[in-house]
Amino acid sequence: MGNRGEAPFGDVQHHPASYGGSGRLSCRSELTLPFAGVLVGSLCTLLLLTFSRSNAGLPWRDLSMAPSTATTHTPAERAQTVKAQAPACPTPPACEACPAAEKCPRCPAEAIKPKASESSVQEDAAPGSDVLDGWQERLTVPWGPLLTQQEAQRGLAYYGSGSRLQELAAKLVAGKPIKMFTLGASVTRGIGTTDRAFSYASRFFEFITTAFPHKKHKLINRGIGGTSSAIYSVCAEHMVHEDADLVVLEFSANDKRDAPYSDPERKGYEQLIRKLLKLPGRPALLQLHHYAWWHAVGDGVLDGGLFYYPAGEAQLGVFAQYYDFPSLSVRNAMWHLMRARVDQFNPDKARLGESISPTNVTVPGAEPGKEKLYWYRDRTHPGDEGHGMMAELLAHVLAKAVVETLAPRPRLHLASRDADLSPAQDEDGLPLPMVPGNAATPTTLCAIEEDFKDVVSGHSGDFSYKPEKKDGRNFVEQKWGWSASKPGSWAEMEFDTESGFELLGDANTTFPAAAAAAPAANSSIEDAAAREAADTRAEVSLSYLRSYAGMGVADVECVAGCECEPQVLDGTWEAEVSLQQILQFRVSRHKRCRVRITVADRPGVVKQDGHKVVLTAVMVSQFTVRLTTYDTQVDLLHKATI
């Protein structure tokens, strides 16, 4: 959005009569020789095509979000201008018979006569401009455009067929309400803004409610600071309603910066996508990539700004291409502006003041009164305008889908293809998993945020349910959890690890815990997969806080109902960041499985002054969920809580 005269969205409708002003045709009729007739006809044809192409976008320019310096006219006014300024070309002379020894040239009359297929394209395209005229004022961003049309188009890294987004657009155009979800970390939550109303999620929702007013539109922002897509891949069904119409995914900043597609976290991201696409409401998905300049380091560059690094954006983008939904990129739209240090895009200073980059490079603070010259509020998060630009990228792609829904399409391609795609699809009509064998797993328990409190059935010592940040603006930002700091304090969680196996078919085969936990060193990948399939124990994913000061260690054990191997939860590391991590372990099946977490009186891997343990969520799945604790996530890219 925010275009300044460019033709939006890249789709062109051709209107041959749309020329005027300096484009008047003045065809002379004095020449009567056959050759002159050919010349006149050819020149007319060339000029007609030239002006048709150069002005074909005029009706589409009406969608521009910024005022244009050119005078705008309705299609009818433009037609009158053409009629007044461009006298019709005289009918070219007919072809004379050619000498027997010469090849007959193309007849001028035939040269300017459009083919039947060309005529049908023009007839189909013409009505679209009239339909779109009424949307000129509605498809605007209420906060005022911040990007040009070209910049927004660059930010559309991948569009695909746009089929689900067009279904959403049709619903909005019809005046129906929609339910929108945003999934991501602290950028999605709105960190970096001076008010959460300025977050990209709130701004994008504001665009929807302004362009398509309905009192029942609903936004559910599920952004949780310090998280990756891992926790969402387990809890997708619990965090996104079945009747969702639109889901925005923003994970490239917090997911692994570079990993093979066979990595557990990449598999988890694919499982999240598959679960969302299978929801009954058939939601449209939009992938949004944030870009953190000071984290884009590598190849000897320590002060950030690499365009091609980290690789997480490109890797996650492949999933959007495979599953055919749009992907939007802050980097693609704005990197050149950042590199040129254009005002509002300058990455050199942080609005909130001086800080240290992940590679120990000083990030200067902005001078008082000049904060808005810089894109980042801190070393990671965008400021108010940056969030507005991210929302504008989302608005741009939705507006594109609206245009495609309203405007007739040129007949350039087959109307459809009658082909059996079932060999490449699952029973729900989705493509088979991109990563072979990576089908989404059922999750029988997802106790997160408010739901986590009642999972703890007993506790002793100083274990209590409390917030980590009392001054947070809401429950999520206050980061509630069960925490303790005194060695010997314990908390017991009780949950069902038996239910859910009916979803997996026959699961009577048991598998020794030790064998599942420690496969033979010479075993193949196929053997490991077979062992995993044969293991009918449930998998518990315990979410906990890991930080750099005052943290400790806890022992985890099954004490009643179920059995499991003892585990150690270590909340320490050197990185100056606090992130939620996942401890995964297998437990036997039981209706009332009881697991105890006890604060230990010993240091963790990194010795710290304290023994604090914070538990934030627990999930249960019936076979392995693709998650990982990935210590390396904080090596460079994630030294700040994103």
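Modeller: A disulfide is a pair of cysteine sulfur atoms within 2.5 Å, and in this predicted model a search of the whole structure finds three disulfides.

Colleague: How do you know that Cys235 and Cys446 form a disulfide?

Modeller: Their sulfur atoms are 1.8 Å apart, and the cut-off is within 2.5 Å, so the pair counts as a disulfide. Cys235 lies in helix H10 and Cys446 in strand S9, so this link ties together parts that are 211 residues apart in sequence.

Colleague: What makes Cys558 and Cys564 a disulfide, and why is Cys558 called buried?

Modeller: The two sulfur atoms stand 2.1 Å apart, which again satisfies the limit of within 2.5 Å. Cys558 has a relative accessible area of 18%, and because buried means under 20%, Cys558 is called buried.

Colleague: Which parts does the disulfide of Cys562 and Cys593 tie together, and how do you know that Cys562 is buried?

Modeller: Cys562 sits in the loop between strand S15 and S16, whereas Cys593 belongs to strand S18, so the pair ties together parts that are 31 residues apart in sequence. Cys562 has 5% relative accessibility, and buried means under 20%, so Cys562 counts as buried.

Colleague: Strand S18 also belongs to a sheet of five strands; why do S10 and S16 stand at the edges of the sheet?

Modeller: The open sheet runs in the order S10-S13-S18-S15-S16, with antiparallel pairing. S10 and S16 each have a single partner strand, so one side of each is left without a neighbour in the sheet.

Definitions and conventions: Residues numbered from 1 in each chain as written. Predicted model: local features only at pLDDT ≥ 70, side-chain atom pairs only at ≥ 80, totals over all residues. Heavy atoms only, no water. Pairing = 2+ DSSP bridges. Helix = DSSP H or I, 4+ residues; strand = E, 2+ residues; numbered from the N terminus. Buried < 20%, exposed > 50% of the residue type's maximum accessible area, 1.4 Å probe, protein only.
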